[in-house]
Amino acid sequence: MRLSDTYSRGKVELPPPPGPIRMYFCGPTVYMRAHVGNAVPFVIGMWLRRWLRELGYDTTLVHNITDINDKIYDAAPGASAELAERATSWYLEDTRDLGLGMPDRLPRATEHVAQIVRAIEELIERGHAYAVEGDVYYRVGSFAEYGRLSGQRGDQVEEQEPNALKEDPRDFALWKANKPGEDTAWESPWGRGRPGWHIECSVMAEELLGPVFEIHGGGLDLVFPHHENEVAQSRALGREFARVWAHNGMLRFTGEKMSKSLGNVWTIRETLDEWGHETTLVFFLTGHWRKPIDFSEQTMAQAAARRETLRNAFRLDAAETDESRWHAFADALEDDFDTPRALAVLHEWGSDGQLELLRRGLDVFGLASLAEREEAPPDIVDLAERRAATRRDRDFAEADALRGRLEAAGWEMRDDPGGGYTLVRRA
């Protein structure tokens with residue numbers, strides 16, 4: 001199993017099964033209903049966990065909730081805690097409705113403040129951080145490899161958080177003193193305040209996965225400064241931290257990056273309500289996880305058509321299963337988790353009647369429901385029974401009339417050689 005790694009700029013071979021494979025995928029900052037682009041790292045992480053377990057790996061997935069952040073204070077001055085709790089519930093509800101299950105752990109920053117304070121104290125002791133008037137900053141110049149993840153030269157990094165009291169404009173906040181309008185704060189050796197964004201993830205990842213783990217995922221927009229700063233903090237603490245940095249491409253609305261500021265956002269909830277979880281998952285399958293993917297009415301309609309093509313395969317007779325064909329699917333996913341290539345294999349199996357392989361492949365992506373046949377309602381079953389009886393009585397004219405009524409109602413009655421039948425919803 002090989003995955004592209006932002007840090008090394010190449011593909012990294014994962015250790016053989018059973019691993020373990022420990023993964024940390026950055027989750028949302030919770031201050032509003034999450035847009036559909038926020039679902040990308042969640043879906044990629046959940047799919048990757050399912051596939052690795054299929055391969056026999058002992059796999060753990062951690063997906064964090066950032067519930068301490070400037071954006072939350074700005075969105076709800078004096079009531080940020082209530083907003084963060086409400087928005088967290090929305091996110092968990094919306095991602096659960098994608099039908100992929102949930103990560104193994106869903107840590108929140110508010111649950112790890114004590115551990116964050118200890119990590120900051122250690123960075124100060126090691127000479128990598130300093131306190132100034134209630135704030136604590138990381139010394140970027142103390143870490144020689146700063147900029148390697150994002151490809152920036154350390155001396156060209158722009159200032160992230162302006163403050164005339166900083167030693168170096170590049171330095172970033174580990175702890176922020178409490179300010180007016182911020183309704184949540186914690187005690188620390190530097191006074192009441194709260195953690196900076198970047199140190200939260202470093203600490204949560206280490207607390208739940210250990211000082212070294214295999215995969216750190218998240219959106220491409222997090223490479224700098226968030227993940228660059230995570231590397232600096234954790235390595236300065238003597239931790240190896242993540243071995244593979246897997247950054248997914250951004251979701252764009254009709255060619256533009258989807259963002260709240262541009263006002264071109266669909267939420268996860270709106271997308272599920274409009275298109276359903278099956279179409280949404282098929283849509284994500286169509287794009288390689290490392291590349292941008294365009295979200296529009298047209299691309300979602302195309303995903304819906306693909307969904308129906310896959311579902312319709314199970315309305316046909318199955319061919320004898322050819323297990324040797326599984327390798328094409330496995331090869332696609334083991335080579336940088338290439339879901340568009342895997343999707344093409346699924347369509348091939350559907351066309352060729354390899355329904356058992358198709359069922360197994362769909363299940364990897366949480367789409368096993370496409371293989372389920374819809375149960376006919378009682379009135380349709382009654383029509384089918386009457387038609388079966390007329391055929392036994394050789395009243396073929398009435399049997400044809402009843403078949404027409406079934407088809408008009410959207411059902412096909414397939415006669416079995418032994419006198420039985422199967423009811424299948426028509427496409």
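Which helix holds the place of T390? Select residues 378-392 and you have the answer: this is helix α12, and T390 sits in it. Before going further, keep in mind that you are looking at a predicted model.

**Stop 1: T390**

Keep T390 selected and show its side chain. Is this residue buried or exposed? Its relative accessible area is 13%, and since buried means under 20%, T390 counts as buried. Now add R387 to the view. A polar atom of the T390 side chain lies 2.7 Å from the backbone oxygen of R387. Next, look for partners beyond the neighbours within four places in sequence: T390 is in contact with D395, E398, A399 and L402.

**Stop 2: I293**

Move to residues 293-295, which form strand β13, and pick out I293. With a relative accessibility of 11%, I293 is buried too. Which residues does I293 touch, if those up to four places away in sequence are not counted? Select M250, L251, R252, F283, F284, T286 and G287 to see them. For a sense of distance, draw a line from the C-alpha atom of I293 to that of R391: the two are 98 residues apart along the chain and separated by 53 Å.

**Stop 3: the cavities**

How many cavities of 30 Å³ or more are there? The count comes to 2.

Begin with the largest cavity, which holds about 80 Å³ of space. To outline it, select V40, I44, G249, F284, G287, H288, W289, K291 and I293. You will recognise I293 from the previous stop, here as part of the lining. By class, this lining has 5 nonpolar, 3 polar and 1 charged residues.

Then go to the second largest cavity, with a volume of about 40 Å³. Its lining is made of L3, I44, L48, A246, W289 and F337. What classes of residue do you find around it? There are 6 nonpolar residues, with no polar and no charged ones. Try colouring I44 and W289: they belong to the lining of the largest cavity, and they also line the second largest.

**Stop 4: strands β3 and β4**

Finish with residues 59-63, strand β4. Why is this strand described as largely enclosed by the rest of the structure? It is because 4 of its 5 residues are buried. Now add strand β3, residues 21-25. The two strands run parallel, joined by 5 bridges. To see one place where they face each other, select R22 and T60: R22 stands opposite T60 in β4.

Key: Residues numbered from 1 in each chain as written. Predicted model: local features only at pLDDT ≥ 70, side-chain atom pairs only at ≥ 80, totals over all residues. Heavy atoms only, no water. Buried < 20%, exposed > 50% of the residue type's maximum accessible area, 1.4 Å probe, protein only. Polar contact = N/O pair within 3.5 Å; in protein donor to acceptor, adjacent residues only side chain to side chain. Contact = heavy atoms within 4.5 Å. 1 Å grid on protein atoms, 1.4 Å probe; cavity = no way out; pocket = protein on both sides within 12 Å on 5 of 7 lines; lining within 4 Å. Points joined across faces, edges and corners; volume = space filled by probe spheres on them. Nonpolar A, V, L, I, M, F, W, Y, C, P; charged D, E, K, R; others polar. Pairing = 2+ DSSP bridges.
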